[in-house]
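Biologist: Let's go through this structure together. Please keep the answers short.
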Amino acid sequence: MTATAHPRTPPGPAGPGRAAPRPLPPTRPRPTALTPADFAEQARTQLPPDVWDFIAGGAGRERTLAANQAVFDAVRLRPRALPGIEEPDTSVEVLGSRWAVPVGIAPVAYHGLAHPDGECGTAAAAGRVGVPLVVSTFAGQLLERVAEAATAPLWLQLYWFREPGLTLGLARRAAAAGYRALVLTVDTPFTGRRLRDLRNGFEVPAHIGPVNLAGSAAAGAATPGAHSRLAFDRSLDWGAVARLRDESGLPVLAKGVLTDSDAEAAVAAGVAGIIVSNHGGRQLDGAPATLDALPEVVAAVRGRCPVLLDGGVRGGTDVLAALALGARAVFVGRPALYALAAGGTEGVHRMLTLLAEEFADTMVLTGHATTDTINAATVVQPGPGRPAPDRSPG
């Protein structure tokens with residue numbers, strides 16, 4: 001017997017023995033970010049997978065990338081009962097400028113990958129909170145245009161290029177545009193082997209590029225790894241610090257120091273500051289986490305210049321932990337781009353505001369009315385062999 005097909009008719013009104021149609025669930029709005037880390041998952045839904053990997057990924061097996069956050073997660077803070085603090089003073093002075101909170105935005109290439117607001121949007125958001133932005137050599141917007149959008153200090157990060165005069169020319173432009181300092185990256189004769197980008201065949205989109213570069217330094221920049229091996233000058237030595245300072249009149253910081261010997265060399269070269277950094281885990285896989293390296297560098301510097309840190313900072317408790325171990329301030333990189341992707345300029349402003357609020361709360365709960373009193377007695381560092389906690393992406 002052949003079954004007869006009956007056309008499907010829409011259900012009639014509910015009656016005895018017939019259930020009413022089930023209403024569709026309401027569309028839920030995207031949850032509001034409550035911590036700086038919340039922006040990572042929001043950004044992941046907004047960005048193409050290869051762009052997400054370019055921002056979120058690290059070098060090699062990404063051991064250093066994971067370690068940067070795991071070390072912060074393992075630190076324990078010592079609370080203070082009845083601290084008697086109404087509102088803490090979260091500000092800090094760095095190189096003659098007063099920052100509202102000891103946090104800046106680290107140099108990250110091509111903010112336009114995250115949002116059309118780009119570096120100008122990031123600079124505007126940082127200015128509203130009163131913290132600095134370090135503009136990358138590989139910014140997608142002119143450094144002079146970023147300066148017009150900024151109301152807080154700007155620093156310019158520099159690589160040393162083979163093309164004669166290019167790096168020094170960027171330093172002069174920065175000085176003319178009102179930048180307050182130069183940040184020389186010292187751990188990158190070429191960029192690390194970033195497997196996510198290689199697997200994805202990642203290329204920077206044609207409408208985004210290193211607009212502050214020209215000539216051979218800009219050629220081939222769509223593939224960052226290959227470009228760095230052609231364009232960066234591997235003969236760079238510590239004499240570059242004096243050349244940059246003399247050419248621009250600006251203080252020069254060294255970014256990428258992880259050992260006491262390199263800290264000594266940087267101070268001897270006349271740096272105005274040191275940034276303890278492993279390039280966000282994107283350079284030498286297996287290098288120490290920045291918080292692990294910080295005490296060694298601080299001990300070697302002996303107060304001769306400020307020591308700052310980037311890598312793995314994801315919340316206000318991380319900021320306090322870094323200050324307790326000797327950093328004057330910290331920088332965040334990926335969180336700024338995640339927030340930019342999630343909400344443009346307003347997203348970055350909210351991320352920085354949340355970070356500042358978390359830091360203020362942590363200061364009160366650990367008994368510090370000002371940043372000057374934060375010291376090693378505030379933290380309990382993890383013992384060797386302590387297992388690293390699992391991490392969510394970002």
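Biologist: Is the crossing of α12 and α13 left-handed or right-handed?
Modeller: Keep in mind that this model is predicted. Here α12 covers residues 316-324, and α13 covers residues 334-365. Their crossing is right-handed.

Biologist: At roughly what angle do the axes of α12 and α13 cross?
Modeller: The two axes come within 7 Å. Angles of 65 to 115 degrees would count as roughly perpendicular, and under 35 as roughly parallel. This pair fits neither, so α12 is oblique to α13. The axes cross at roughly 60°.

Biologist: Which residues of α13 make the contact with α12?
Modeller: Start on the α12 side, with G316, T317, V319, L320 and L323. Across from them, α13 supplies its own set. Those residues are L355, E358, F359, T362 and M363.

Biologist: How many residues in the contact of α12 with α13 are nonpolar?
Modeller: Sort the residues by class. One is charged and three are polar. Gly counts as polar here. The nonpolar residues number six.

Biologist: How is α2 oriented to α13, roughly parallel or roughly antiparallel?
Modeller: Helix α2 spans residues 49-56, and its axis comes within 10 Å of the α13 axis. The axes cross at roughly 155°. Angles over 145 degrees count as roughly antiparallel. Therefore α2 is, relative to α13, roughly antiparallel.

Biologist: Which residues of α13 does α2 meet?
Modeller: From α2 come W52, I55 and A56. By class, the contact of α2 with α13 has five nonpolar residues, one charged and no polar. On the α13 side, the residues are R334, L337 and Y338.

Biologist: Now a strand residue. Is D310 buried or exposed?
Modeller: D310 is found in strand β10, residues 307-310. Its relative accessible area is 5%. Buried means under 20%, so D310 is buried.

Biologist: Which residues is D310 in contact with, leaving aside neighbours within four places in sequence?
Modeller: Contact means heavy atoms within 4.5 Å. With those neighbours set aside, the list includes A106 and K255. The full list is A106, K255, I275, V276, S277, N278, T290 and F331.

Biologist: Now the protein chain as a whole. What percentage of its residues count as buried?
Modeller: The chain has 13 helices and 12 strands. It exposes about 18200 Å², and carbon and sulfur atoms supply 54% of that area. Of its 394 residues, the buried share is 53%.

Biologist: Among contacts between residues at least 6 apart in sequence, what percentage join residues at least 24 apart?
Modeller: Contacts between residues under 6 apart in sequence are left out of this count. Those joining residues at least 24 apart make up 74%.

How values were computed. Residues are numbered from 1 along each chain as its sequence is written. This is a predicted model: local features need pLDDT of at least 70, side-chain atom pairs count only at pLDDT 80 or more; totals for chains, interfaces and linings use all residues. Side-chain values use heavy atoms; hydrogens and water are left out. Axes are lines fitted to C-alpha atoms, for helices over the stretch in contact, and angles run from 0 to 180 degrees between N-to-C directions. Helices (H or I, at least four residues) and strands (E, at least two) are DSSP runs, numbered from the N terminus. A crossing is left-handed if the near helix is turned anticlockwise from the far one by less than a right angle, and right-handed if clockwise. Buried means under 20% relative accessible area, exposed over 50%, partly exposed in between (1.4 Å probe, protein chains only). Accessible areas come from the Shrake-Rupley method with a 1.4 Å probe; for residues, only the protein chains shown count as cover.
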